[in-house]
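Here is a short report on one structure. Keep the sequence at hand while reading.

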Amino acid sequence: MIGAVWILTGLCLSAKGQIVELVTEQGSMKIALYKDTPLHTANFIKNCKAGKYNGTLFHRVIKDFMIQGGEPASVNAKPGDLVGSESGRETLPAEIVPEHYHKRGALAAARQPDATNPQKRSSQYQFYIVDGRDYAAYMLRTIENTQNRPRRYKVADSLLKATNNLLTKRMLDSLMSIKDYKTADKILDQMKAQTDSIIGEKNLLRFNERQVADYTTVGGVPNLDGKYTVFGEVIEGLDVIDKIAEAPVDKNNRPTVDIHILKTIVLQE
């Protein structure tokens, strides 16, 4: 059974390194860590070996989105305490690899928002595991367009100024200001070849065939792709994510009954 689970994870095991078992009050998950996110993988292994996660809480749980934990200070959290901001200053450089994305079961590093963390640096301790939901293919195209639109608009604005096409520029500005994106996108589509060439493919969100296949079947949270470092995936125990995600939560999304990580075990190095 274990072998079958590993075959279905989407990436061959040669792309993965260490394997860790995360033992929780709702069951155990086995997690394969990626080799091409070496800083995050090494940091996670170090924390596991040091027992940093033992007794910590899943302090933020949002069904159909993710379960978040790993904050060392949560060990002593009292019922109702707001948990999560204690380790924000201890960070790692981002290792955002396009091939690793937010499918169901993905392990990723939590971080502070862009406003205070434009470099997308990761927490050294807090992580989340994707619960997610299924998406239709047209919904993925909408997410792509929504995330790429601001960059395309900025470049289109400069191009329209340069060519003195002020009428089209004023029309586009007006449509964007009233959030008539459907009409604005028609103008941007006419300039897409130019704008995308200037922006560059690496700076645009594009879901590849494998992502589309996973998001339309396994599910996930595609709108987080490219924003957070994904450094591993659950290869056994996906049902445990469901059990944790179903927990009743308070206004801060903390489970009303604590769910602990009991221990972590490094199974393979």
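Thr 195 sits in helix H6, residues 192-199. Helices (H or I, at least four residues) and strands (E, at least two) are DSSP runs, numbered from the N terminus. Thr 195 is buried, at a relative accessible area of 0%. Buried means under 20% relative accessible area, exposed over 50%, and partly exposed in between (1.4 Å probe, protein chains only). Setting aside neighbours within four places in sequence, Thr 195 is in contact (heavy atoms within 4.5 Å) with Arg 152, Val 155, Ala 156 and Leu 159.

This is a predicted model: local features need pLDDT of at least 70, side-chain atom pairs count only at pLDDT 80 or more, and totals for chains, interfaces and linings use all residues. Residues are numbered from 1 along each chain as its sequence is written, and side-chain values use heavy atoms, with hydrogens and water left out.

Next, the cores. A nonpolar core is a set of buried Ala, Val, Leu, Ile, Met, Phe, Trp, Tyr and Cys residues joined through side-chain atoms within 4.5 Å. The largest has 25 residues, of which Met 29, Phe 44, Phe 58, Phe 127 and Ile 129 touch the most other members. Several elements each supply at least two residues, among them strand S1 (16-24), helix H2 (38-49) and helix H8 (238-245). H8 gives the most, with four residues. Not counting residues up to four places away in sequence, Phe 44 touches Val 20, Leu 33, Tyr 53, Leu 107, Phe 127 and Phe 231. A second, separate core of 13 residues includes Met 176, Leu 188, Ile 199 and Leu 204.

Now helix H7, residues 209-217. Its buried residues are Gln 211, Asp 214 and Tyr 215. They lie on the same side of H7 because they cover an arc of only 95 degrees around the axis. The arc is taken from the directions from the helix axis to the C-beta atoms. An α-helix has 3.6 residues a turn, so residues three or four places apart point the same way. The buried residues of H7 pack against helix H3 (137-162). Glu 209 and Thr 217, on the other side of H7, are exposed.

Three residues have a positive phi.

| Residue | Phi | Place |
|---|---|---|
| Asp 64 | about 65 degrees | loop between S3 and strand S4 (66-69) |
| Lys 120 | about 60 degrees | loop between S6 and strand S7 (122-123) |
| Gly 219 | about 95 degrees | just after H7 |

Most residues other than glycine have a negative phi. Asp 64 is partly exposed, with a relative accessible area of 39%.
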